[in-house]
Amino acid sequence: MLAIAGAVLFVIAFIINAADISANEIFMPTSLMLLGLALLALHVAGIGSGWSAGRSRRR
């Protein structure tokens, strides 16, 4: 789930950079890419891997 959110942030940053859209400091492409990189690092570290949308199937 975190990897998907990170990938979405990378795509948004790419679109902002490619379209040369002016934005405030929070939504600058560099900020979005760093946030996406942090989410991907959390995913690789295993944080959030147990999250699921439905009920848990553990017994």
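Trainee: How much area does the chain expose, and what share of it do carbon and sulfur atoms supply?

Mentor: The chain exposes about 5000 Å², and carbon and sulfur atoms supply 66% of it. Accessible areas come from the Shrake-Rupley method with a 1.4 Å probe, and for residues only the protein chains shown count as cover. This is a predicted model, where local features need pLDDT of at least 70, side-chain atom pairs count only at pLDDT 80 or more, and totals for chains, interfaces and linings use all residues. Residues are numbered from 1 along each chain as its sequence is written, and side-chain values use heavy atoms, leaving out hydrogens and water.

Trainee: Why is Val 8 called partly exposed?

Mentor: Buried means under 20% relative accessible area, exposed over 50%, and partly exposed in between. Val 8 has a relative accessible area of 43%, so Val 8 is partly exposed. Val 8 is found in helix H1, residues 2–19; helices (H or I, at least four residues) are DSSP runs numbered from the N terminus.

Trainee: How do you know that the span of H1 agrees with its 18 residues?

Mentor: The expected span is 1.5 Å times one less than the number of residues. For H1 that should be 26 Å, and the end C-alpha atoms are 26 Å apart, so the two agree.

Trainee: Which residues of H1 are buried, and what puts them on the same side?

Mentor: Leu 2, Gly 6, Leu 9, Ala 13 and Ile 16 are buried in H1. They cover an arc of only 85° around the axis, which puts them on the same side of H1. The arc is taken from the directions from the helix axis to the C-beta atoms.

Technical notes. Helices (H or I, at least four residues) and strands (E, at least two) are DSSP runs, numbered from the N terminus. Buried means under 20% relative accessible area, exposed over 50%, partly exposed in between (1.4 Å probe, protein chains only).
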